[in-house]
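Visitor: I have a chain to look at and some questions about how its parts fit together. Could you take me through it step by step?

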Amino acid sequence: MPRKQQSHRPNGEGSIYARSDGRFEVKIASTSMEKLSRKSYYVKTQAEASRLLRSLLLRQEQGKELITSTPTMATFLDQWLNSCTDTIKPSTWHTYAQYIRLYLVPTIGSLQVKDVRPAHLIGIYEAMRATGKSATTTHHLHAVLHKAFKSAVRWGLVDVNPADLVDAPRVVHHELEVLSPADIRRFLEVARGDRLEALYVLALTAGLRRGELLALKWQDVDLAAGSLSVNRTLLRVPRGGLQMGSPKTSSSKRTIILTRLAIAALQERRRTYEAECDLAANFWHDNDLIFCNSIGNPIEPGNLLRRSFWPLLQQANIAHIRFHDLRHSAATMLMEQGISPKVVSEILGHSSISITLDLYSHVSKEMQQAAAASIDSLLGSREAEAQG
């Protein structure tokens, strides 16, 4: 006999039961048109049951329809997103929501979950390809669908995950876009004197990610010691705007030794920061952010690109690249200077050296060739002996 784990009163509340088959049943009661109805959902763990119950109760409070045995994809995906709030990073949640809004609700949102077939998914992927969407975007959408339908199976809405029956779109890995040393010098020359000059210097000498740069605080920097600590990242939180969060991985929390160029740029930024603080006076928000807007608040990442980065690229006569390519340029430059991949991996905050070697295999191959040539030079070669 199932054992009751958690109980609530009816009419908008719910219960969680542990079943004899090891699953957990989430029961929720609601009054519709003066008639009491109860719905049940089945999940694998008590933690998942608790998250689902909170999500269902929130949906009721918002006056939204509960998931029935035959929900539409739009209803199901909305409920699924709510159930994911506590289990994935806010930035990931925001990406999922964007994919659902742009690619799923307009195409299969009106279909009932049980009626979605592999052909529907294939049709979405083909339409995306036809309209010029990248293989990476399509691949990520497939991953979102697979995860959502996995929950639909657990909740008893469908028996089979249709995404399991479709091959994931193949991601084509392109060569990294990196700036040459000459490009880097030209870009930094154009950025000289810009209020965000130090941001670009750090991106190109220390390989910091955009979110890490925009979350840097003065408390993270020790200019006397010439070091900087990465402790957080700026991200967009669902329904919460821009907020500070944990870096991408545990390895992303790191301390970096600064170049003299970076120290000088940060010293200059400190002077302009203090002047901006005085100018804004009572309007200033003291967030201790190194790179902030004119009143001390976080910089909107999109504005950084539109109002600063892209115009600087144009002034430097450099082809359009992503901001993240500054990080790739920094890593490539370090590797080409013979810096150990292990050290480069630590500077970049990669979770393992294999990621660094995979990303910058073109450089590591050249380093191996140089190493082989050095060994030949040190020990001699059979060719040299023959010629001697």
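Visitor: Which residue in β9 is the bridge partner of L228?
Guide: A word first: this is a predicted model. Strand β9 covers residues 254-257 and pairs with β6 in the antiparallel sense over 4 bridges. In that pairing S229 stands opposite T255. The bridge partner of L228 in β9 is I256.

Visitor: And which residue of β6 is the bridge partner of D222?
Guide: Strand β5 is made of residues 221-222. β5 and β6 pair in the antiparallel sense, over 2 bridges. For D222, the bridge partner in β6 is S227.

Visitor: Which residue in the hairpin of β5 and β6 takes a positive phi?
Guide: The hairpin has 4 residues between its strands. One residue there has a phi near 70°, and that residue is G226.

Visitor: Which strands stand at the edges of the open sheet?
Guide: The sheet has 3 strands, in the order β5-β6-β9, with antiparallel pairing. A strand with a single partner has one side left without a neighbour in the sheet, so the edge strands are β5 and β9.

Visitor: Turning to the interior, which element gives the most residues to the largest nonpolar core?
Guide: This core has 48 residues, and Y200, F291 and F323 touch the most other members. Several elements supply at least two residues each, among them α6 (181-191), α8 (210-214), β6 (227-230), α9 (260-280) and α10 (301-315). The top contributor gives 7 residues, and that is α7.

Visitor: How many residues are in the second, separate core?
Guide: Its members include Y41, F76, V116 and Y125. The count for this second core is 43 residues.

Visitor: Which arginine is in contact with F291?
Guide: Leave aside the neighbours of F291 within four places in sequence. The remaining contacts include L196, A198, L199, L202, L213 and L214. L216, L266 and I299 are also in contact with F291. The arginine among the contacts is R269.

Visitor: Now the charged side chains. How many salt bridges are found in the whole structure?
Guide: Side chains of opposite charge can pair when their charged atoms come close. One such pair is D115 and K114, with the closest N and O atoms 3.4 Å apart. A search of the whole structure gives a total of 15 salt bridges.

Visitor: Is D115 in that pair buried, partly exposed or exposed?
Guide: Its partner K114 has a relative accessible area of 38% and is partly exposed. For D115 the relative accessibility is 31%, so D115 counts as partly exposed.

Visitor: What separates E346 and K342 along helix α12?
Guide: These two form a salt bridge, with the closest N and O atoms 3.9 Å apart. E346 is partly exposed at 46% relative accessibility, and K342 is partly exposed at 47%. Helix α12 covers residues 341-348, and the two residues are 4 apart in it, which means a separation of about one helical turn.

Visitor: Which residues are joined with D21 into one salt-bridge network?
Guide: The side chains of D21 and R19 meet in a salt bridge at 3.3 Å, N to O. D21 is partly exposed at 42% relative accessibility, and R19 is partly exposed at 27%. Salt bridges that share partners join D21 into one network with R19 and R23.

Visitor: On the surface, how much accessible area does the nonpolar patch with L378 have?
Guide: L378 is found in helix α14, residues 361-379. Its relative accessible area is 68%, so L378 is exposed. The patch is formed by I375, L378 and L379, and together their accessible area is about 360 Å².

Visitor: Is F283 buried or exposed?
Guide: The place of F283 is in the loop between α9 and α10. Exposed means over 50% relative accessible area. The value for F283 is 64%, so F283 counts as exposed.

Visitor: How far apart in space are F283 and I295?
Guide: In sequence, F283 and I295 are 12 residues apart. From C-alpha to C-alpha, the distance in space is 6.3 Å.

Notes. Residues numbered from 1 in each chain as written. Predicted model: local features only at pLDDT ≥ 70, side-chain atom pairs only at ≥ 80, totals over all residues. Heavy atoms only, no water. Core = buried A, V, L, I, M, F, W, Y, C linked by side-chain atoms within 4.5 Å. Buried < 20%, exposed > 50% of the residue type's maximum accessible area, 1.4 Å probe, protein only. Contact = heavy atoms within 4.5 Å. Salt bridge = Lys/Arg side-chain N within 4 Å of Asp/Glu carboxyl O. Pairing = 2+ DSSP bridges. Patch = residues over 30% accessible without salt bridge, like charges linked within 9 Å, V, L, I, M, F, W, Y side chains within 5 Å. Areas by Shrake-Rupley, 256 points an atom, 1.4 Å probe, with all protein chains shown as cover.
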